[in-house]
Amino acid sequence: MTYQTINPYTNEVVATFPDATKEEVEAAITAAHEAFLSWRETAFSTRTAFLAKAAELLRADKRRYAELLTLEMGKLIAEAEAEVDLSADILQYYADQGGSLLETVTVPVAYAAEGEVEIVSEPLGVLLSVEPWNFPYYQVVRVAAPQLLAGNTILLKHASNVPQAAAMFDDLFARAGLPAGVFQNLYLPHELTEYVINDPRVRGVALTGSEEAGSIIASYAAKAVKKSTLELGGADAFVVLKDADMDKTVDWAVFGRYWNAGQVCVSAKRIIVVDEVFDEFLAKFRTGVAALKTGDPMDPKTTLAPMSSQGAADKLAGQVAEAVAGGAKAETLGDPVPSVGAFSQPTILTGMDPKNPSYYEEFFGPVAIVIRVKDEAEAIAVANDSPFGLGGSVFTKDTKNGEKVARKIDTGMVYVNHPTMVKADIPFGGVKHSGYGHELTNLGIQEFINKKVIDIVDINAAF
Ligand code: NAP
């Protein structure tokens, strides 16, 4: 495998980086462990000062950081700037928390003469963070900000198509005052992943990516008896009930499915519409999708970016062909996409049903599946008929009923009248094949913490 920057807008190779050797990996683990022994002893104020500085540096140079994202994975420059802001928000969120999320608590204990024991929160050690390319900064920060605040140290294995975004963190964090070794980017080849996880100094692994990669990495962790968290794929249901505010719902559906060129784990991948409003929804949705403008992602007039790589575009085209072979209807919309670059023509798939072998797949690009259902009950049943359980949304003017429907959807996150949202102060995580564990907020920081019981017993107390 090769770590390479290939501009998806032109498909030109911009830069290539060598894989880390086994010796380099070994040295990085040693450095991370040694750094851990002192980082864990630092005051929270030292760690929060670093996080706040990193947030400040990102914001101060937003355009430059955003341009790197657009270069490496093709996202629209406005979306790239929003990602820089979101990443800074997450760093600042944890800077603002300080040690409050990890304070020692005392719990009453009936047996103890003292009547209580302490539970202290301690970092585990070196963590491996394996991250995907679709949000090259945000995904890294989701793990790094809380875990560096907690006192853990991190080895980053980023996706092979965003090597410069990965290296950016070494530079940013050093400029923000992080001591050497506390965070290191590694161009880790797949064949050395298990070696890293097996090292006794490495205490956990957090992966965001596909189900396939997740199950491989989690099996390495399980064999080595290490903690893992998995943030995997999704096929979010976007449920449209008969009383939905149709025009606004359609706008959210177009945005929810096509932002980041459809390459979002919580994209509105399955749009489930009740029969009474199906025809109206589909007609308006077609119009909205057809209006998307493909082109240069640096041009503010472009509203649909190229995909992250030619390989991703080819894979998606293959999935659409298979869905059609299985009985679905594919409708392509909008002006023809540029002939050069990793573009994919916006597509709507209808006529998908569970007999179609593609029905349960995740389509990671600008392809919307629109499903007609009889009523609300069937909408919930179809929403839950998925191996995934990441996000989801329900559109209705009756928000009380929207909440009832949300509670019946078997996923980690459901929004009423908004596609699944991503914010610095909302926890993120899924169930079923979308993985386990959480990122962000208090839930995220607790994932790699030793909740250690300390009980101080009076030696003179009765034996
Ligand atoms: P991917 O192929 O699974 O890659 C994700 C990361 O795993 C990359 O760094 C990749 O490195 C690494 N990887 C893959 N196989 C590996 C192995 N055998 N050993 C070590 N590392 C390995 O996923 P992707 O296609 O890039 O990303 C899209 C997927 O991520 C979608 O399914 C999407 O839904 C999911 N995702 C989930 C979330 C969430 O929060 N739940 C967020 C974003 C994306 P290489 O690049 O070197 O292969």
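Reader: Which residues come nearest to the ligand?

Author: Let's start with the term: a residue is near a molecule if one of its heavy atoms lies within 4 Å of it. This is a predicted model, and in it 28 residues are around the ligand. Those that come nearest are Glu131, Trp133, Ser210, Leu232 and Glu362.

Reader: Which residue has a polar backbone atom 2.7 Å from a nitrogen atom of the ligand?

Author: Happy to walk through the contacts. An oxygen atom of the ligand has a side-chain N or O atom of tryptophan 133 at 2.5 Å, and a backbone N or O atom of glutamate 131 is 2.7 Å from a ligand oxygen atom. For the ligand nitrogen atom, the partner at 2.7 Å is the backbone of leucine 232.

Reader: How much of the ligand does the protein bury?

Author: The ligand sits in the largest pocket. On its own, the ligand exposes 890 Å². Of that area, the protein buries 87%.

Reader: Why does the ligand lie between two domains, and which are they?

Author: Look at the shell around the ligand, to which helix 5 (138-150) and helix 8 (211-223) each supply at least two residues. The ligand lies between two domains because both give residues to this shell: domain 1 (3-232 + 434-454) and domain 2 (237-416).

How values were computed: Residues are numbered from 1 along each chain as its sequence is written. This is a predicted model: local features need pLDDT of at least 70, side-chain atom pairs count only at pLDDT 80 or more; totals for chains, interfaces and linings use all residues. Side-chain values use heavy atoms; hydrogens and water are left out. A polar contact is a pair of N or O atoms within 3.5 Å; within protein, one must be able to donate a hydrogen and the other to accept it, and residues adjacent in sequence count only if both atoms are side-chain atoms. Accessible areas come from the Shrake-Rupley method with a 1.4 Å probe; for residues, only the protein chains shown count as cover. On a 1 Å grid over the protein atoms alone, a cavity is a set of points where a 1.4 Å probe fits but cannot get out, and a pocket is an open set with protein on both sides within 12 Å along at least five of seven lines; lining residues have an atom within 4 Å of a point. A molecule sits in a cavity or pocket if more than half of its atoms lie within 2 Å of its grid points. Helices (H or I, at least four residues) and strands (E, at least two) are DSSP runs, numbered from the N terminus. Domain bounds come from an automatic or database domain assignment.
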